[in-house]
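Student: Could you take a close look at one part of this protein with me, beginning with a strand and its partners? I'd like to hear how that part is built, and then how it fits with the rest of the chain.

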Amino acid sequence: MNKSVPIAITSIFARGRRRPLDAPEGTAASGKALGEVALLSPDEALQRLFSAAGGLTPEQVEERLRSMGRNQVAHEARHTIFGELVSRSINPLNLLLLSLATASYFLGDQRAAIVIAVMVALSITLGFIQEHRSNKAADALRRMVLITAAVRRQITGAAQEHAEVPIEQLVPGDIVLLSAGDMIPADMRVISAKDLFINQSTLTGEAMPLEKVASAHVGTAETPFDLPNICFMGSAVVSGIGCGVVVLTGARTAFGQVAGTIAEQRVLTSFDKGITRFTWLMLGFIVVMAPLVFVINGLTKGNWFEALLFAVAVAVGLTPEMLPMIVTVNLAKGAMAMSKKKVIVKRLNAIQNFGAMDVLCTDKTGTLTQDRVVLKRHLDLQGKDSDRVLEYAYLNSFHQSGLKNLLDVAVLKHVELDEKLKVDEQFSKIDEIPFDFERRRMSVVLKRGDDAHILICKGAVEEVFAACKYYAIDGETGPLDPSHFAQAQETTAKLNADGFRVIAVAFKEMPPEQAAYSVKDEAGLTLLGYIAFLDPPKETAAAAIATLKARGVQVKILTGDNDIVTRKICNDVSLPVDRIVLGQEMATLSVPQLADLAETATVFAKVSPAQKAAVIDALHRKGHVVGYLGDGINDGPALKAADVGISVESAVDIAKETADIILLEKSLAVLGDGVIEGRKVFGNITKYIKMGASSNFGNMFSVLGASIFLPFLPMTAIQVLTNNLLYDFSQTTIPTDNVDAEYLAVPRRWDIGNITKFVLLIGPISSIFDYVTYFTMLYVFNAWTNPALFQTGWFVESLLTQTLIIHIIRTNKIPFLESRASTALITTTIIIAAIGIVLPFSWLGGFLGFVPLLPAYWIALCLILLSYVVLTHFMKTWFIRRFGLS
């Protein structure tokens, strides 16, 4: 082993590879390693990990990657062909069918076993092909959205400032720089920190952020998560800056050891629950029907062996074996459609949630605006242009170590000030007081060329003004009084009304001997003036909002910005604003009051991250399905609370990690497309469920009745299975079907009650025409003494009615005339119908026990099919008028 690799840590890693990730021994070993490093000073911790403040060399990184592997956990595993096949194969329906195939084989009916196996293979193969295509497209796009860490490494013996390295390439000993918005990329020992607050709720459930320090830990800790100088993979930097050395990576981290559990923590949607309920309902039918059919046929026919084979075939016929394939292919097709628009779907079910979404909450920056912030004004307290205000703002932004937002970037575009102020020669940074969402301001402390210390603060106007005691205008200073505050409010209100975002700038001379600073030093400041930024509204925003509204989706704005700017932008994009709810007001409301207000209000301004999440929770209480679009540090809680979390490629790490969907372009127009895709997915899945449930419900009555009064089996086991196989094939193209514009016009949610009513109404109609067929075969064609003729006649009628019914159920319009199915669905319908018609006259039909049908049968069949289609259409139309679409 290379001596550059710490032996103690490596031994832990080696043991971790031999044990399950969640083994207690592995957890204890990792905790022990972190505990030992926590007791050391920063320098001792670096020595323990054979690292240095300047970072690792390329050779050390390469060696540690080879010996310890990549920094990956379970949920980041790549899609493999074998893994996809296994995931498609293992589900209750396939296991049930394979069990029935095995039973048929050992009962001596090898033909039935083969047919059942073909049905399972068909379901798995079609689902696999579409899912594989979807995964390939998603993986290709996902590689464009890498989460990186700022890492300090050595090049030719010298430390570079930092490089952005994909987190999977981190190794123990790497030096990682941390700032607000970063996701902690590994289990790390903090070696320097300034007001560094970490949210560990992903691992501990504790919502309050914890401060992390660099000093050695003295004493004991109940759990590793209580160690004040250890940061854990998967947690997020809320505020402050820091630097840490990586101790554990990948599966050896605390996150890695519970990754499987964390990946499954997502609450099931109503859609997931509905699909599960439907599956178990069908399995319940099987549990009741199969034994009943077996007993009735055994008693009435006297051949218990044939009765058993028939009961197995009926169980197969009642199994909705294509459901997993239909669901997967529909969702994968939606993901493929979205990928063509450069939208990455991280969680397939999020597509369906798009279709159900009726409220979209979003920040205004980059969504309603162009996300191109330009610094337009720099004014003193009297509203006059002031170069000094701009210079102090530039010094603050230049020396800020934390996350540089769009406002800082706009300030730093004034590169001419670098030369004018001689920033590198005349100023050196002493300390920094990072931004947080409570203070809403940040400060840097600089040492000037004359050795004097100056604190420069910038932030939200009210918060900065509250920390000021004096003002400075044209070189003169004086005490602030209420009139100055009124003047400041008037100036900022005018700027806000014109769409400007205003930031206040203040300063304070500090004693040269002071070395460390804190929030307490942000007092008694001197107000210099304001800088004003403009972020113009997007030209496409108004049309996108109108489109979403037309599709039944309300847009609500949740922003930390003030109400005046927000109102101006909303007016520019034609988003009606009756009233604006401020964060201050929200803090005084009870949970029911907030729910009522969230229902009616369109804009919430000056809200905190927790308040954004609270608004989404309030909307949930009112029964809404809520999406949230955000890309900032303050959007994490809201993204987690939403039914659909949406972020963008340029978002901070924690937002991208939390989101269900990543947009490579921040656009409401793309979301409009997503809504339609979601509703198409839901519509086509619902078609299969309605059709399958109706057909199975009707077949229950048909099979039971025939079993009671017929002296022979209504169909042999192999005929039932052949019928089911052909019917299944005809349904494989449902995911390609068109969906009526009327169906796509409003949000669609799972409504099991509506579906149940539909099944109870439509299901028995098929039984009526089955019994008409029975009567025709028995009394018109005298099939009492000709079982093969009866079985052939019912086989053809059953196959054609089941194949045609999808065209009735798929639309609330007149089928074929007012609404046509997709070409693929029409094609499979024609093919299967043709096979059903030809089969009795073929050698295969003879093999299956069929006989040719008389010409008069086809005339009778046409009348039966026409009557069935007309009656089903009229009953469906009445149902939709009475109960609505689902």
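Tutor: Let's start with a single pairing: Leu455 stands opposite Lys508 in strand E18. Please keep in mind that this is a predicted model. The pairing belongs to a longer ladder, in which strand E15 (residues 453-460) and strand E18 (residues 500-510) are joined in the antiparallel sense by 8 bridges. E15 has another partner as well, strand E14 (residues 441-448), and these two are also antiparallel, with 7 bridges between them. On the E14 side, Met442 has Lys458 of E15 as its bridge partner.

How many residues lie between the strands in the hairpin of E14 and E15? There are 4, and in this hairpin Asp451 adopts a positive phi near 70°. As for how well E15 is covered, 8 of its 8 residues are buried, so the strand is largely enclosed by the rest of the structure. In this context, a residue is called buried when its relative accessible area is under 20%.

The loops next to these strands hold a contact you may like. Glu522 and Arg439 meet through their side chains in a salt bridge, with 2.9 Å from N to O. Glu522 sits in the loop between E18 and strand E19 (525-534), while Arg439 sits in the loop between strand E13 (427-433) and E14, so this pair ties together parts that are 83 residues apart in sequence. Glu522 and Arg439 are both buried.

Two further salt bridges give you something to set beside that one. Lys612 and Asp635 form a salt bridge whose closest N and O atoms are 3.0 Å apart. Since Lys612 belongs to helix H25 and Asp635 to the loop between E23 and helix H26 (636-641), the pair ties together parts 23 residues apart in sequence. Lys612 is buried, with a relative accessible area of 0%, and Asp635 is buried too, also at 0%. The other pair is Lys622 with Asp596, where the closest N and O atoms are 2.8 Å apart. This pair links distant parts of the chain, 26 residues apart: Lys622 is in the loop between helix H25 (609-621) and strand E23 (626-629), and Asp596 is in helix H24 (residues 591-600). Are these two buried or partly exposed? Lys622 is partly exposed, because its relative accessible area is 39%, and Asp596 is partly exposed at 43%. A search of the whole structure turns up 25 salt bridges.

For contrast with the antiparallel pairings around E15, look at strand E20 (residues 554-558). Of its 5 residues, 4 are buried, leaving the strand mostly covered. E20 runs parallel to strand E11 (residues 359-362), and 4 bridges join the two. It also pairs in the parallel sense with strand E22 (residues 603-605), over 2 bridges. Ile557 appears in both ladders: Thr362 stands opposite Ile557 in E20, and Ile557 in turn stands opposite Val603 in E22.

Now to the aromatic side chains. The structure contains 21 aromatic pairs. In one of them, Tyr771 and Tyr774 have ring centres 5.2 Å apart and planes at 80°, so the pair counts as edge-to-face. These tyrosines are 3 residues apart in helix H31 (residues 752-780), which means about one helical turn separates them. Tyr774 is buried, with a relative accessible area of 1%, whereas Tyr771 is partly exposed at 32%. Ring pairs connect Tyr771 and Tyr774 with Phe709, Phe712, Phe790 and Trp794 in a cluster.

Tyr771 also takes part in a nonpolar surface patch with Phe701, Ile708 and Phe709, and together they have about 370 Å² of accessible area. Helix H28 (residues 668-709) provides the largest share of this patch, 3 residues. Phe709 lies in H28 and counts as partly exposed because its relative accessibility is 36%.

Finally, here is the wider setting. The protein has 35 helices and 25 strands, and 57% of its 886 residues count as buried. Among contacts with a separation of 6 or more, 74% come from residues 24 or more positions apart. The accessible surface is about 36300 Å², with 61% of it belonging to carbon and sulfur atoms.

Methods
Residues are numbered from 1 along each chain as its sequence is written. Side-chain values use heavy atoms; hydrogens and water are left out. Patches are made of residues with over 30% relative accessible area and no salt bridge: like charges are joined within 9 Å, nonpolar side chains (Val, Leu, Ile, Met, Phe, Trp, Tyr) within 5 Å. Accessible areas come from the Shrake-Rupley method with a 1.4 Å probe; for residues, only the protein chains shown count as cover. A salt bridge is a side-chain nitrogen of Lys or Arg within 4 Å of a carboxyl oxygen of Asp or Glu. Buried means under 20% relative accessible area, exposed over 50%, partly exposed in between (1.4 Å probe, protein chains only). Contact means heavy atoms within 4.5 Å. Two strands pair if DSSP finds at least two bridges between them. Rings of Phe, Tyr and Trp (its six-membered ring) pair if their centres lie within 6.5 Å; planes under 30 degrees apart count as stacked, over 60 as edge-to-face and the rest as tilted.
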